[in-house]
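Please open the structure in your viewer. The tour below proceeds by selections, each followed by a description of what is found there.

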Amino acid sequence: MRAVAVRRGEPGPQLIDVPEPTSESGEALVRTLRVGIDGTDHEVIQGNHGGYPDGEDYQILGHEAVGVVEDPNGTDFDGGDLVVPTVRRPAGEPNEYFERGEPDVAPDGTYLERGIVGAHGYMSEYFTSPEEYLVPVPDEFAETGFLVEPISNSEKSIEYAYASRSAFEWTPDSGLVLGNGPLGLLTLAMLVTHDDFDRAYCLGRRDRPDPTIDIIEKLGATYVDSRETPVDDIPDAHEPIDFVYEATGYAPHAFQTVDALAPNGVAALLGIPGDHTFEIDGGRLHRDIVLQNKALLGSVNSNVRHYEMAKASLAGFPDWLTDELITGVYDPEDAAKAFESGHDVIKTVVEFDTL
Ligand code: NAP
Ligand code: BGC
Ligand code: ZN
C-alpha cells in the first residue's frame, strides 16, 4: 500500500510502498480517508521532535486522521463506521496511565506517539488500531474529522486552565491566542464560541492581506502583530488578558505572557520549541506570578474524553471556517506539496480516499 514517510538520512517526506498492516486480536483495520499536517509534523521531519520506530529505517508520518472501519475484526465497530484514532500507545506493556484512560499524562518513555514518537503514523492507505483508541465520529466528519485530534489538545488545555482557577471565583472575559497557525486559529474559534470570552485576540507576524488575519477578523477577534505589539505590551496596547493560549512555539512568549496576564490570569503553553537561550528578569516574573496569583501551565496531547469534547466543538464551527482553514487537499503522490509552507497555506491534508 502507499504510505508517506521519512527515511533515515534522506530529506523530506516521500511516497513509499509498504505491506498492508494485519490486525491483531482487539484491533480494527481502518481505511484512511484524510490525514492533516501540523507544526509537529514539520518538527518530526526536521528531526527536532519524536523519532523513528525501533529498528526501522523509515517512519510513516501523520497523527491527525479520519478513516472508515474496513474490517471490525471482532471489535464492537461495524464495517463502514467513521473513526478518528488517538495518538498515544503504550511503550511495551500497558501502564497505569493507559489503563485509566489518561495516556496524555503518561511520562516520557512510557508511551509512543503514532507518527511522532517511535511509532508509525496514519499517513497510509490503511492502519490498524486497538478498539479503545478509535473514537467514532458522525459521517458528516468525513472531510473534517482529522481536526478532532488538534481540537482535542486545546480542549484539554482549556480544561486544565479552568481547573487551575477552580478554587476561587474566576470570571475571565478576555482571551488571547499566541500564534495564527492551524492550532491557534482552531483554538481562537473555540474561544469566540465560548460564552465566557467577551473579547478575543490572536497574535501573528504577518502583513495584510493575509488569509489568517481574514479568519481572525471574521471570527470577531482582534489581530495583534507581534512586530508592532510584543506580547508583554499587550496590556498597554489593549488590556490585561485573563486567559492566554500559546501556540507559536516561540519560547520567549512563555515568559512575556506573564506580563500579558491580568491578576489571577492563567496561560496554557502548547508550543514545542527547540532549545533557545535568552535573558529574562526571572526575579521580576517570579514575583509577579506570586503576587498576582498568576499561573502558567504546560499541556500536551489529550485523551478520549477530550476527543468527545472536540467532536462537539467541531460540529459547532461554521462551514466557512473549515472551508477557509483547509487550504489544500493532496493525493498521496503529491504529498510533498502538502508539506510546503507559503503565504496562502494554513492547513493541508493528504487524502487517500473519500467516504
Ligand atoms: P505552526 O503552523 O508552526 O504555527 C505557529 C504559528 O505561530 C505560525 O503561524 C507562526 O507565524 C506563528 N509565530 C511563530 N513565532 C511567532 C512570533 N514571534 N510572533 C507571532 N507569531 C509567531 O504550528 P501549529 O500546528 O499551529 O502548532 C503550534 C505549536 O503547537 C507547534 O509548536 C506545535 O508543535 C505545537 N503543538 C502542540 C500540541 C500539544 O499538545 N502541546 C498539539 C499540537 C501542536 P508564521 O506562519 O507567520 O511563521
Ligand atoms: C500532537 C499531540 C502530541 C504532541 C507532542 C502534537 O502535535 O497533536 O498528540 O502529543 O504533538 O508530540
Ligand atoms: Zn498535532
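Domain bounds, as used here, come from an automatic or database domain assignment. The model itself is predicted.

**The two domains.** Select residues 2-136 together with 321-351 as domain 1, and residues 151-298 as domain 2. Taken over C-alpha atoms, the centres of domain 1 and domain 2 are 28 Å apart. Domain 1 brings 12 residues to the contact, and domain 2 brings 15 residues.

**The interface.** Display next the surface between domain 1 and domain 2, where about 1,200 Å² is buried and carbon and sulfur atoms give 65% of that area. On the domain 1 side, select Leu-321, His-343 and Ile-346: these lose the most area to domain 2, together 42% of what that side buries. There are 2 salt bridges across the interface of domain 1 and domain 2, and 3 residue pairs are in polar contact between the domains. Then select Lys-156 and Asp-104, whose side chains form a salt bridge with an N to O distance of 3.0 Å.

**The ligand site.** Move now to ligand 2 and select the residues that surround it, among them Asp-38, His-49, Glu-113, Glu-149 and Ile-272. The shell around ligand 2 comprises 4 nonpolar, 5 polar and 3 charged residues.

Which side chains place an N or O atom 2.9 Å from an oxygen atom of ligand 2? Asn-153 does so, as does Asn-301. For the side chain of His-63, the corresponding distance to an oxygen atom of ligand 2 is 3.2 Å. Taken alone, ligand 2 exposes 310 Å², and the protein buries 94% of that.

Technical notes. Residues are numbered from 1 along each chain as its sequence is written. Chains are lettered from A and ligands numbered from 1 in the order in which they are written. This is a predicted model: local features need pLDDT of at least 70, side-chain atom pairs count only at pLDDT 80 or more; totals for chains, interfaces and linings use all residues. Side-chain values use heavy atoms; hydrogens and water are left out. A residue is near a molecule or strand if one of its heavy atoms lies within 4 Å of it. A polar contact is a pair of N or O atoms within 3.5 Å; within protein, one must be able to donate a hydrogen and the other to accept it, and residues adjacent in sequence count only if both atoms are side-chain atoms. Accessible areas come from the Shrake-Rupley method with a 1.4 Å probe; for residues, only the protein chains shown count as cover. Ala, Val, Leu, Ile, Met, Phe, Trp, Tyr, Cys and Pro count as nonpolar, Asp, Glu, Lys and Arg as charged, and the others, Gly among them, as polar. Contact means heavy atoms within 4.5 Å. Buried area is the accessible area (1.4 Å probe) that two parts lose on being put together, summed over both. A salt bridge is a side-chain nitrogen of Lys or Arg within 4 Å of a carboxyl oxygen of Asp or Glu.
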